[in-house]
Amino acid sequence: MPGLVLPAPAKINLVLEILGRRDDGFHALETVFQTLELADEVAVEVRPGDGIGLVVEGADLPAGPENLAWRAAAAYTARHPIGRVAIHLRKRVPHGAGLGGGSSDAAAVLRALARLDPDPLPATDLAVIALALGSDVPFFLVGGTAHALGRGEELTPLPDAADQVVTILKPPAGCPTPAVFRALSDAERGPRAARGPTAWAADLAARGPAGILANRMAPAAVRVEPTVGDLLSWLADRGVPHLLSGSGSACLALGILDPPPGIAAWRTRFRPRARLDATD
Ligand code: C5P
């Protein structure tokens, strides 16, 4: 009964730019992703039979087809039936936070199944399955520091950013991603041109993460969830490099700091690409 335990790391976007609205209703993005040591744990076993079993520990989340981890197993086994997939998910990454928790769980299931399958689906098929599950899922097949265009699937792995301690801070309310995209103003929505992976890699190397932090979605997230604005103002008053994470509601601060009352905090650091599957 082969089994595997993999981490499902959280991500932050060091840069998140909106390039414009696409005909399919999605937005064209330019982003620099970074995985964090903060991670869920995903145990996957393949057993005789068929179907999918999912147990979720540590969060009140659905354990059926509404869960992206379940859907990832369904999508893999629909293309390549390898048996019954049993998943045990230990949640540590807060959800509704812009940290990619659900997307990372789904990608970890795909990475695990590709390793457990004696005749694994090729990487190109995994990437197609990943994008059908969600815009952030393809990045979690790559990890580390990466530049992305499109919905997030036109990925260019970048050299790992230097080791960096990060504090994640989250107000109690989450930010639903579709609502934040809907709240963008016409001016925020673009169109504007991409700078490309070479320019961002050079800036990151020259200025470090503090020198490139930017998120076009922050004003819209504040309109959707005003407590995010309070947290961003508090961080600005402290003078630390900080940013809204993805579409929120979590924010990141470079370095270590104690959160204000009522704000949950996690101390973590950048996770380099070589540690994508590392459980130690
Ligand atoms: O792909 P994902 O499921 O993460 O997207 C959630 C929602 O966020 C989409 O349905 C869409 O409304 C919005 N979105 C977008 N453009 C993107 C990514 C997400 O408009 N590039």
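## A tour from the paired strands to the ligand

Start with V42 and L89: L89, in β4, is the bridge partner of V42. Bear in mind throughout that this is a predicted model.

Extend the selection to the strands on either side of that pair. β2 covers residues 27–47, and β4 covers residues 84–90. The two run antiparallel and are joined by 7 bridges.

Keep β4 selected and add β3, residues 52–57. Here the pairing is in the parallel sense, over 6 bridges. To find a point of reference, pick E57, which stands opposite R90 in β4. β4 thus pairs with β2 in an antiparallel way and with β3 in a parallel way.

**The ligand**

Return to β2 and select the ligand. Which elements each supply at least two residues of the shell around the ligand? They are β2 and α4, the latter spanning 177–182. α4 gives the most, with 3 residues.

Now show the shell itself: G25, F26, H27, L29, G134, S135, R151, T177, P178 and F181. Coloured by class, these residues come out as 4 nonpolar, 5 polar and 1 charged.

Three side chains are worth displaying with distances to oxygen atoms of the ligand:

- S135: a polar side-chain atom lies 2.5 Å from a ligand oxygen.
- H27: an N or O atom of the side chain is 2.7 Å from a ligand oxygen.
- R151: the distance from a side-chain N or O atom to a ligand oxygen is 3.3 Å.

Switch to a surface view next. The ligand exposes 450 Å² when taken alone, and the protein buries 72% of that area. If pockets are drawn, look for the ligand in the largest pocket.

**The hairpin of β5 and β6**

Select β5 (residues 145–149) and β6 (residues 154–158), which run antiparallel and are joined by 5 bridges. One pair to click on is H147 and its bridge partner T156, in β6. Then move to the turn, where 4 residues lie between the strands. G150 takes a positive phi there, near 70 degrees. R151, already seen among the residues around the ligand, comes next in the numbering.

**Two cis peptide bonds**

Most peptide bonds are trans. Two stops on this tour are cis.

For one of them, select G190 and P191, which are joined by a cis peptide bond with omega about 5 degrees. P191 is in the loop between α5 (186–189) and α6 (197–207).

For the other, go to G248 and S249, where the joining peptide bond is again cis, with omega about 15 degrees. Where does S249 lie? S249 is in the loop between β9 (242–244) and β10 (251–254).

Technical notes
Residues are numbered from 1 along each chain as its sequence is written. This is a predicted model: local features need pLDDT of at least 70, side-chain atom pairs count only at pLDDT 80 or more; totals for chains, interfaces and linings use all residues. Side-chain values use heavy atoms; hydrogens and water are left out. A residue is near a molecule or strand if one of its heavy atoms lies within 4 Å of it. A polar contact is a pair of N or O atoms within 3.5 Å; within protein, one must be able to donate a hydrogen and the other to accept it, and residues adjacent in sequence count only if both atoms are side-chain atoms. Accessible areas come from the Shrake-Rupley method with a 1.4 Å probe; for residues, only the protein chains shown count as cover. On a 1 Å grid over the protein atoms alone, a cavity is a set of points where a 1.4 Å probe fits but cannot get out, and a pocket is an open set with protein on both sides within 12 Å along at least five of seven lines; lining residues have an atom within 4 Å of a point. A molecule sits in a cavity or pocket if more than half of its atoms lie within 2 Å of its grid points. Ala, Val, Leu, Ile, Met, Phe, Trp, Tyr, Cys and Pro count as nonpolar, Asp, Glu, Lys and Arg as charged, and the others, Gly among them, as polar. Two strands pair if DSSP finds at least two bridges between them.
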